[in-house]
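This report concerns a single protein model, shown below. It treats the sheets, the empty spaces and a few individual residues in turn.

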Amino acid sequence: MAAVASETEKISKLQTAVAGLDQISENEKSGFISLVSRYLSGEAEHVEWSKIQTPTDEVVVPYESLAAPPEDLEATKKILDKLAVLKLNGGLGTTMGCTGPKSVIEVRNGFTFLDLIVIQIESLNKKYGCNVPLLLMNSFNTHDDTLKIVEKYTNSNIEIHTFNQSQYPRLVIDDFLPLPSKGETGRDGWYPPGHGDVFPSLVNSGKLEFLLSQGKEYVFIANSDNLGAIVDIKILNHLINNENEYCMEVTPKTLADVKGGTLISYEGRVQLLEIAQVPDEHVNEFKSIEKFKIFNTNNLWVNLKAIKRLVEADALKMEIIPNPKEVDGIKVLQLETAAGAAIRFFDNAIGVNVPRSRFLPVKATSDLLLVQSDLYTLVDGFVVRNKARKNPANPSIELGPEFKKVANFLARFKSIPSIVELESLKVSGDVWFGTGVVLKGKVIITALPGEKLEVPDDAVIENKEI
């Protein structure tokens with residue numbers, strides 16, 4: 001009983017402290033308290049390994065088996081007019097050495113992630129005469145910058161709406177009190193609680209009601225750094241016809257994706273299984289490509305009325321991801337949730353097993369190298385893969401810390417090498433590339449400590465270690 005008492009005590013102390021934080025709304029306060037209460041009560045869903053089943057083709061539908069969408073423009077316009085696109089825009093470009101939102105990093109031909117997204121939706125609206133709006137869910141880290149950036153699209157053929165996801169206080173582990181009430185007045189006292197927060201934030205911001213009033217039925221949610229997450233009429237058409245409230249795009253795992261969450265059938269419902277939920281003795285099995293063949297791309301299609309129903313009933317109790325951090329030597333905890341984990345609360349939810357081309361995330365400069373190279377071209381804001389590449393998988397690329405920041409990465413390549421025939425590249429040390437370099441097969445380039453290595457212009461390097 002003592003444990004229960006101390007939990008209740010912790011929560012009531014926390015409630016008092018949070019009530020005094022006037023930087024956040026009542027919705028945010030109550031959302032935060034309920035998240036912490038859930039965490040403390042330990043109501044974590046324990047997955048019984050023996051109950052896990054591989055989903056059938058009814059549950060995870062092969063993309064090839066989806067019916068072709070209607071061919072005539074008017075019917076397509078009708079389908080698209082039911083859609084809104086939402087990009088998760090809360091992340092900063094810090095890991096790639098950039099300030100401001102990650103979505104304003106230049107990806108190709110001087111276009112940023114955001115430019116490409118706007119161009120894509122614009123060309124869709126123009127082609128079909130529809131009105132697909134774009135929503136950007138910002139965090140308090142990206143909000144001000146994003147507002148300035150979207151001004152440049154005011155004359156575009158696209159409606160852009162921005163809203164903020166929740167802002168929660170970081171918890172001091174020692175005494176379970178919010179960091180901001182202990183004198184941390186800056187941004188370091190707060191955190192955005194993961195993209196699972198997209199559902200309550202859509203409702204709390206009033207955006208969900210607005211979309212419903214415009215006749216919208218579905219929202220397509222994706223990470224702003226996934227260049228493959230483009231509107232797919234075939235998927236949308238399927239969801240409308242089959243009344244699926246939720247759809248997660250999954251794609252076959254490669255060895256690079258062994259940590260990604262997978263879809264399972266569990267007690268008659270489809271749900272997301274993340275590596276953090278897997279008992280230690282089954283982790284290798286989880287990572288194997290044999291048993292769990294697919295992973296979540298975080299491209300999600302969700303019915304708006306269903307979101308409203310579940311948020312209002314407070315039914316979206318996704319698995320909590322505890323994320324410990326340190327701020328100025330103080331150990332703190334951020335509790336987060338993921339949007340993909342919500343799949344089990346929606347009716348008639350499915351996965352669609354999509355081609356790998358719908359998953360092209362840019363998480364590091366090694367990904368930027370792929371996207372800026374001759375492996376891809378840009379057509380109407382869409383990044384299209386070069387047909388000349390025979391291997392369906394992209395080359396694996398490892399760049400040393402000298403290339404980690406975008407500015408350094410760009411400085412070290414006079415031009416991006418040709419990599420259509422590359423299998424793998426590993427670069428370490430102080431390496432600089434000339435123009436017109438061609439890389440083929442397996443290439444390893446190493447500069448010895450204290451030495452500078454320059455790859456000459458027009459060099460062709462095939463299956464070599466330099």
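## The hairpin of strands 17 and 18

Strand 17 and strand 18 make a hairpin in which two residues separate them, and Asp328 in the turn has a positive phi of about 50 degrees. Strands, and likewise helices, are DSSP runs numbered from the N terminus: a strand is E over at least two residues, a helix H or I over at least four. The two strands of the hairpin are antiparallel and are paired over seven bridges; two strands pair if DSSP finds at least two bridges between them. Within this pairing, Asn323 has Gln334 in strand 18 as its bridge partner.

The model is predicted, so that local features need pLDDT of at least 70 and side-chain atom pairs count only at pLDDT 80 or more, while totals for chains, interfaces and linings use all residues. Residues are numbered from 1 along each chain as its sequence is written, and side-chain values use heavy atoms, with hydrogens and water left out.

## The four-stranded sheet

The hairpin strands belong to an open sheet of four strands, ordered 10-9-18-17, with antiparallel pairing. Strand 10 (177-178) and strand 17 are at the edges; each has a single partner strand, so one side of each is left without a neighbour in the sheet. Strand 9 (residues 171-172) is antiparallel to strand 18 and is joined to it by two bridges. Val172 has Val332 in strand 18 as its bridge partner.

Helix 2 (residues 26-40) lies across strand 9, strand 17 and strand 18, and runs at about 100 degrees to strand 18. Such angles run from 0 to 180 degrees between N-to-C directions, with axes fitted to C-alpha atoms, for helices over the stretch in contact; contact means heavy atoms within 4.5 Å.

## The second largest pocket

Strands 17 and 18 also take part in a pocket. The second largest pocket has a volume of about 990 Å³, and of its 32 lining residues the closest to its centre are Gly90, Gly91, Leu92, Asn141 and Pro192. On a 1 Å grid over the protein atoms alone, a pocket is an open set of points with protein on both sides within 12 Å along at least five of seven lines, a cavity is a set where a 1.4 Å probe fits but cannot get out, and lining residues have an atom within 4 Å of a point. Grid points are joined across faces, edges and corners, and a volume is the space filled by probe spheres set on the points.

Strand 11 (190-191), strand 17 (321-327) and strand 18 (330-336) each contribute at least two residues to this lining, and strand 17 provides the largest share, three residues. By class, the lining has nine nonpolar, 15 polar and eight charged residues. Here Ala, Val, Leu, Ile, Met, Phe, Trp, Tyr, Cys and Pro count as nonpolar, Asp, Glu, Lys and Arg as charged, and the others, Gly among them, as polar.

## The cavity and Lys102

The structure holds one cavity of 30 Å³ or more, and the largest cavity encloses about 50 Å³. Its lining includes Lys87, Phe113, Leu116 and Asn223. Helix 4 (residues 113-128) gives the most to this lining, four residues.

Lys102 is located in the loop between strand 3 (83-88) and strand 4 (106-108). Lys102 is buried, at a relative accessible area of 11%; buried means under 20%, exposed over 50% and partly exposed in between, with a 1.4 Å probe and protein chains only. Beyond its neighbours within four places in sequence, the contacts of Lys102 include Gly91, Leu92, Phe113 and Asp225.

## The eight-stranded sheet

A second open sheet, of mixed pairing, has eight strands in the order 2-19-13-16-12-3-6-7. Strand 2 (60-62) and strand 7 (160-164) are its edges, each with a single partner strand, so one side of each is left without a neighbour in the sheet. From one strand to the next the twist averages 25 degrees. Strand 6 (residues 134-138) and strand 7 are parallel and pair over five bridges, with Asn138 opposite Asn164 in strand 7.

## Two asparagines with positive phi

Most residues other than glycine have a negative phi. Asn298, in strand 16, has a positive phi near 65 degrees and is buried at 7% relative accessible area. Asn348 has a positive phi of about 60 degrees; Asn348 is in the loop between strand 18 and strand 19 (350-353) and is partly exposed, at 44%.
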